[in-house]
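Dear colleague,

Please find below the structure I promised to hand over, shown with its sequence. My notes on what was found in it follow directly after.

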Amino acid sequence: QASPSPPAQARRSGRRRRAGMRPDAPVRAWVGLGGNEGDVATTLEEALWALDALPQTTIQQQSGFYRTPAWGRTDQPDFINAVVELRTRTAPRALLELLLEIEQRFGRVRNAADRWGPRALDLDLLVYGEETIHEPGLSVPHPHLHERAFVLVPLAEIAPSLVIPGRGQVKAWSSEASLELP
């Protein structure tokens, strides 16, 4: 017999589950941060505060900041990138929506015509626990994570033994990547 759905379990136990929250143990999630417009270091610091203030979410570790050449469209200023490890009870889709809200607060306007263009802040959900998710607008692990030094180097700084679902350990992918410190 199939076990009851999580909402049914919550009703039976008398607890109400908040929308977008996981009823089970917190999950480790990794988020990439980057930007190349304005005072990027200050924006990233403020974004870290915003991430740490998310409901039922705390920052566990953060990498240093790395200066990286623009990727995808090279006729723009270098980026500054970092990675944080979160511990969260927020479901993956809800977490992504919160990341997009933070981007908007910092002036990010997503433009499909200029996907790789300059931005004040970019937040990417890189890895969410051991989950593999392929839904419209949400792919976890991030589909290009293993190809991008601007993610791999800071991620290897804080989680070299992390296993990227379907890809293997971060340290195996990051061994040939290098970046400059700002």
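Pro160 counts as partly exposed, because its relative accessibility is 35%, which falls between the 20% limit for buried and the 50% limit for exposed. Please bear in mind here and below that the model is predicted. Pro160 sits in the loop that links α4 (149–158) to β8 (163–164). Beyond its neighbours within four places in sequence, Pro160 is in contact with Leu155, Gln169, Val170 and Lys171. With Lys171 the C-alpha to C-alpha distance is 4.8 Å, although 11 residues separate the two in sequence.

The helix that precedes this loop, α4, is mostly covered, with 8 of its 10 residues buried. The buried residues of α4 are Phe150, Val151, Leu152, Val153, Pro154, Leu155, Ala156 and Ile158.

As to the chain as a whole, it has 5 helices and 9 strands. Along the sequence these follow the pattern α-β-α-β-β-β-α-β-β-β-α-β-β-α. The chain has 182 residues, of which 45% are buried. If one takes the contacts between residues at least 6 apart in sequence, 67% of them join residues at least 24 apart. The chain exposes about 10000 Å², and carbon and sulfur atoms supply 49% of that area.

Which residues have the most contacts inside the largest nonpolar core? They are Leu33, Leu51 and Leu125, in a core of 28 residues. At least two residues of this core come from each of β1 (27–35), α2 (40–52), β4 (79–88), α3 (92–105), β5 (122–128) and β7 (138–140). The largest share, 6 residues, is supplied by α2. Another core, of 15 residues, lies apart from this one and includes Trp30, Ile158, Ala159 and Val170. In soluble globular proteins, nonpolar side chains tend to be buried together.

Leu33 shows how the parts of the chain meet. Residues up to four places away in sequence left aside, Leu33 touches Leu44, Ala47, Leu48, Leu51, Ile80, Asn81, Ala82, Val83, Val84, Asp122 and Leu123.

Two elements that supply residues to the largest core deserve a closer description. Strand β5 is mostly covered, as 7 of its 7 residues are buried. β5 runs antiparallel to β1, and 6 bridges join the two strands. Within β5, Tyr128 stands opposite Ala29.

Helix α3 has 14 residues and reaches 20 Å from its first C-alpha to its last, close to the 20 Å expected at 1.5 Å a residue. Its buried residues are Pro92, Ala94, Leu95, Leu96, Leu98, Leu99, Ile102 and Glu103. Which elements cover the buried residues of α3? Among them are β1, α2, β4, β5, β6 (133–135) and β7. Just after α3, Gly107 takes a positive phi of about 90°.

A charged residue within a strand may also interest you. Is Glu85, found in strand β4, buried or exposed? Glu85 counts as buried because its relative accessible area is 5%, and the limit for buried is under 20%. The side chain of Glu85 makes a polar contact with the side chain of Arg28, at 2.8 Å. Apart from neighbours within four places in sequence, the residues in contact with Glu85 are Arg28, Ala29, Trp30, Thr58, Ile59, Gln60, Gln61 and Ile158. Two of these, Trp30 and Ile158, are named above as members of the core of 15 residues.

Finally, two points of backbone geometry may be checked in the view above. The peptide bond from Val140 to Pro141 is cis, with omega near -5°. Pro141 lies in the loop between β7 and α4. Gln56, a residue other than glycine, has a positive phi near 50°. Gln56 is found in the loop between α2 and β2 (57–62). At 38% relative accessibility, Gln56 counts as partly exposed.

With kind regards

Technical notes:
Residues numbered from 1 in each chain as written. Predicted model: local features only at pLDDT ≥ 70, side-chain atom pairs only at ≥ 80, totals over all residues. Heavy atoms only, no water. Core = buried A, V, L, I, M, F, W, Y, C linked by side-chain atoms within 4.5 Å. Buried < 20%, exposed > 50% of the residue type's maximum accessible area, 1.4 Å probe, protein only. Helix = DSSP H or I, 4+ residues; strand = E, 2+ residues; numbered from the N terminus. Contact = heavy atoms within 4.5 Å. Pairing = 2+ DSSP bridges. Expected span 1.5 Å × (residues − 1). Areas by Shrake-Rupley, 256 points an atom, 1.4 Å probe, with all protein chains shown as cover. Polar contact = N/O pair within 3.5 Å; in protein donor to acceptor, adjacent residues only side chain to side chain.
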